[in-house]
Amino acid sequence: PPQYVKNIEEIVFRNVCFQYPGTDHKVLKNVSFTMKMGKNYALVGVNGAGKTTIIKLLTGLYSDYSGEILINGRELRSYPPSEQKGIFSVVYQDFCRHALTFKENCEISDPCHKLSEEKMVKLAEQFDLVRRIESFPEGYDTLLGKTREGGVDLSGGQWQKLAMVRALLRPAKVRILDEPTASLDPKMESEIYRLFQEMTKDTLTILVSHRLGFARLADEIIVFENGKIREQGGFQRLMQKKGLFYAMYEEQRSWYQ
Ligand code: ADP
């Protein structure tokens, strides 16, 4: 079971290089940055730039990188796996749709502790899911999924919101969204990110996307290109700089109009 690390102050990448096992080119090249508790970070860049690889290293999927990843000044690889797991709460692009009830879907966020139903309902309210859930024959205890005759199901967007609710119910201090909204339209995606950020004030949040509408909300944007950090800063600053971020943003502008 995950052991929750109570206080995360900062995450530091120091000269991190990485290549996937069995390949011979580096997909991260000397990456250095610092993230602080209480702030929101956006990792952006075109597909293949290295964003998800950063998340994979952070969450312990690969440990044969060079350089250092420090959590509160201590190398990530020196934390026991149970503690490493307890630091992060991640919603991936291919988030799970469990053929369970809404409540059970929430319970699996943290199997070791009893679910706070009050918290679950409050989050469902904030994500505007309550009316839908209450229309089900047994509300939060209705089995979801289209497989059975007469079965009820959530829409794609509602499943994505459920994935966020599940992530928010985990007591982890670092929350990561890795393009969980990729199949939504860009406006809906921005709206979901906004909701998520409103609810994660006392955590460190890392948002990953190749779409940039949400990056306005981030305290700091880290722009990756070809395995390196190309630009870094707040939205206004990067827009004024008229560099890569600006060009990408302008290119996508029509998605949000
Ligand atoms: P992004 O999240 O920015 O789209 P990724 O971090 O997923 O980019 O990918 C960075 C690079 O690593 C890409 O060139 C990708 O093809 C490569 N890559 C990703 N996963 C693997 C893997 N499991 N094995 C080998 N190469 C991979």
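In which loop is the place of Gly151? In this predicted model, Gly151 lies in the loop that runs between α5 (130-134) and α6. With a relative accessibility of 26%, Gly151 counts as partly exposed, since the partly exposed class covers values between 20% and 50%. The C-alpha atom of Gly151 is 9.9 Å from that of Pro137, and the two residues are 14 residues apart in sequence.

Helix α6, spanning residues 156-169, gives the most to the largest nonpolar core, to which it supplies eight residues. This core has 47 residues, of which Val44, Phe102, Cys106, Phe127, Leu144, Ile221 and Phe245 touch the most other members. Around Phe245, when residues up to four places away in sequence are not counted, the residues touched are Val44, Leu212, Ala215, Ile221, Val223, Glu231, Phe235, Leu238 and Met239. A second core, separate from the largest one, is made up of 33 residues and includes Ile11, Val16, Leu76 and Phe88.

The packing of helices was then examined for α6 and two partners. Two packed helices are described by the angle between their axes and by the distance between those axes. For α6 and helix α7 (residues 186-198), the axes come within 11 Å and cross at roughly 20°; the two helices are therefore roughly parallel to each other, an angle under 35 degrees being the criterion for this class. The crossing of α6 and α7 is right-handed. On the side of α6 the contact is made by Gly157, Lys161, Met164 and Leu168, and on the side of α7 by Met188, Ile192 and Phe196. Divided by class, the contact of α6 with α7 holds five nonpolar residues, one polar residue and one charged residue.

Helix α4 (residues 117-126) also packs on α6, at an angle of about 140° and with the two axes 10 Å apart, which makes α4 oblique to α6. The crossing in which α4 passes α6 is right-handed. Here Lys119, Met120 and Leu123 of α4 meet Val165, Leu168 and Leu169 of α6, and the residues of this contact divide into five nonpolar, no polar and one charged. Leu168 of α6 thus takes part both in the contact with α7 and in the contact with α4.

Helix α1, which covers residues 51-58, is mostly covered, six of its eight residues being buried. The buried residues of α1 are Lys51, Thr53, Ile54, Ile55, Leu57 and Leu58, and the helix is followed by Gly60, which has a positive phi, near 85°. Within α1, Ile55 counts as buried because its relative accessibility is 0%. Apart from residues up to four places away in sequence, Ile55 touches Leu43, Val90, Tyr92, Ile176, Asp178, Ile206 and Val208. One of these contacts, Ile206, is 151 residues from Ile55 along the chain, yet the C-alpha atoms of the two are separated by 9.0 Å.

Ser89 belongs to strand β6 (residues 88-91) and is buried, with a relative accessible area of 1%. When the neighbours within four places in sequence are left aside, Ser89 is in contact with Ala167, Arg170, Ala172, Val174, Arg175 and Ile176. Ile176 accordingly appears among the contacts of Ser89 and among those of Ile55.

Methods. Residues are numbered from 1 along each chain as its sequence is written. This is a predicted model: local features need pLDDT of at least 70, side-chain atom pairs count only at pLDDT 80 or more; totals for chains, interfaces and linings use all residues. Side-chain values use heavy atoms; hydrogens and water are left out. A nonpolar core is a set of buried Ala, Val, Leu, Ile, Met, Phe, Trp, Tyr and Cys residues joined through side-chain atoms within 4.5 Å. Buried means under 20% relative accessible area, exposed over 50%, partly exposed in between (1.4 Å probe, protein chains only). Helices (H or I, at least four residues) and strands (E, at least two) are DSSP runs, numbered from the N terminus. Contact means heavy atoms within 4.5 Å. Axes are lines fitted to C-alpha atoms, for helices over the stretch in contact, and angles run from 0 to 180 degrees between N-to-C directions. Angles under 35 degrees count as roughly parallel, over 145 as roughly antiparallel, 65 to 115 as roughly perpendicular and the rest as oblique. A crossing is left-handed if the near helix is turned anticlockwise from the far one by less than a right angle, and right-handed if clockwise. Ala, Val, Leu, Ile, Met, Phe, Trp, Tyr, Cys and Pro count as nonpolar, Asp, Glu, Lys and Arg as charged, and the others, Gly among them, as polar.
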